[in-house]
Amino acid sequence: MRAVEVLPSAFLVHHIGGRTRIRVPSRRGDAAYFEQLDRVFLGCPGVEDVQSNALTGSVLLLHHCGLDAVWE
C-alpha cells in the first residue's frame with residue numbers, strides 16, 4: 001500500500017498582476033521544505049522568480065502568466 005502524502009495548508013495572502021504571496025504556516029521554520037518549494041515553483045512555466053522565507057512561512061511568486069497556470 002502506498003502512503004498518501006498530506007499537503008500542508010496554504011493560503012493566498014495577496015495577488016496583484018504578476019506578483020503573488022502565499023503562506024504555509026504549518027511549515028514555518030522548515031528551510032528544507034521551502035527550498036524544495038522554490039525548486040518546484042521555478043520549474044513552472046511562466047514563473048520568473050521565487051522568494052521564500054522559512055522563518056515567516058511565506059513565498060513570493062513573480063510570474064508573467066495567469067495564477068491558474070501556476071497552480072496547474
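So, β3 and β4 pair in the antiparallel sense, and they do it over 6 bridges. Please keep in mind that what we have on the screen is a predicted model. Two of the pairs are handy landmarks: V47 stands opposite H63 in β4, and S52 stands opposite V59, again in β4. The hairpin of these strands has 4 residues between them, and within that hairpin G57 takes a positive phi near 70°. If you run a Ramachandran plot later, that glycine is one to look up.

Let me stay with β4 for a moment. This strand is mostly covered, with 5 of its 6 residues buried. On its other pairing, β4 meets β2, antiparallel once more and over 5 bridges. To find the place on screen, look for T20, which stands opposite L61 in β4.

Then we come to β1. Its pairing with β2 is antiparallel too, over 5 bridges. Here F11 stands opposite R23 in β2, and L12 has I22 as its bridge partner in that strand. The hairpin of β1 and β2 has 2 residues between the strands, and G18 takes a positive phi near 85° there.

Now we can put the whole sheet together. What is the order of the strands in this open sheet? Reading across, the order is β1-β2-β4-β3, 4 strands with antiparallel pairing. The edges are held by β1, residues 11-16, and by β3; each has a single partner strand, so one side of each is left without a neighbour in the sheet. On average, neighbouring strands of the sheet are turned by 15° against each other, with direction ignored.

On to the helix that goes with this sheet. α1 takes in residues 31-42, which makes 12 residues. From first C-alpha to last, α1 reaches 16 Å, close to the 16 Å expected at 1.5 Å a residue. Which residues of α1 are buried? They are Y33, F34, L37, D38 and F41. Those five cover an arc of only 140° around the axis, which puts them on the same side of α1. Turn the helix around, and on the other side you meet A32, R39 and V40, which are exposed.

What do the buried residues of α1 pack against? Their partners are β2 (19-23), β3 (47-53), β4 (58-63) and α2 (67-71). As for orientation, α1 lies across β2, β3 and β4, and runs at about 170° to β3.

Two histidines are worth a stop, and you can click on them as I talk. H15 lies in strand β1. The side chain question first: H15 counts as partly exposed, because its relative accessible area is 37%, in between the cut-offs of 20% and 50%. Leaving aside neighbours within four places in sequence, H15 is in contact with T20, H63 and L67. H15 and L61 are 46 residues apart in sequence, while their C-alpha atoms are 9.4 Å apart in space.

The other one is H64, in the loop between β4 and α2. Is H64 buried or exposed? H64 is exposed, because its relative accessible area is 58% and exposed means over 50%. Not counting residues up to four places away in sequence, H64 touches G46 and E48. There is also a long step along the chain here: H64 and R19 are 45 residues apart, with 8.7 Å between their C-alpha atoms.

Last, a word on confidence, since many of you will want to feed these coordinates into something. The mean pLDDT of the protein chain is 88, and 92% of its residues reach 70 or more. Which elements have the lowest and the highest mean pLDDT? α2 has the lowest, at 76, and β3 the highest, at 96. As a general reminder, where pLDDT is low, the predicted coordinates should not be read in detail.

So here is the picture to take away: an open sheet in the order β1-β2-β4-β3, with α1 lying across β2, β3 and β4. Thanks, everyone, and I'm happy to rotate the model if someone wants another look.

Terms used. Residues are numbered from 1 along each chain as its sequence is written. This is a predicted model: local features need pLDDT of at least 70, side-chain atom pairs count only at pLDDT 80 or more; totals for chains, interfaces and linings use all residues. Side-chain values use heavy atoms; hydrogens and water are left out. The expected span of a helix is 1.5 Å times one less than its number of residues. Buried means under 20% relative accessible area, exposed over 50%, partly exposed in between (1.4 Å probe, protein chains only). The arc is that of the directions from the helix axis to the C-beta atoms. Contact means heavy atoms within 4.5 Å. Two strands pair if DSSP finds at least two bridges between them. Axes are lines fitted to C-alpha atoms, for helices over the stretch in contact, and angles run from 0 to 180 degrees between N-to-C directions. pLDDT is the predictor's confidence in each residue, from 0 to 100.
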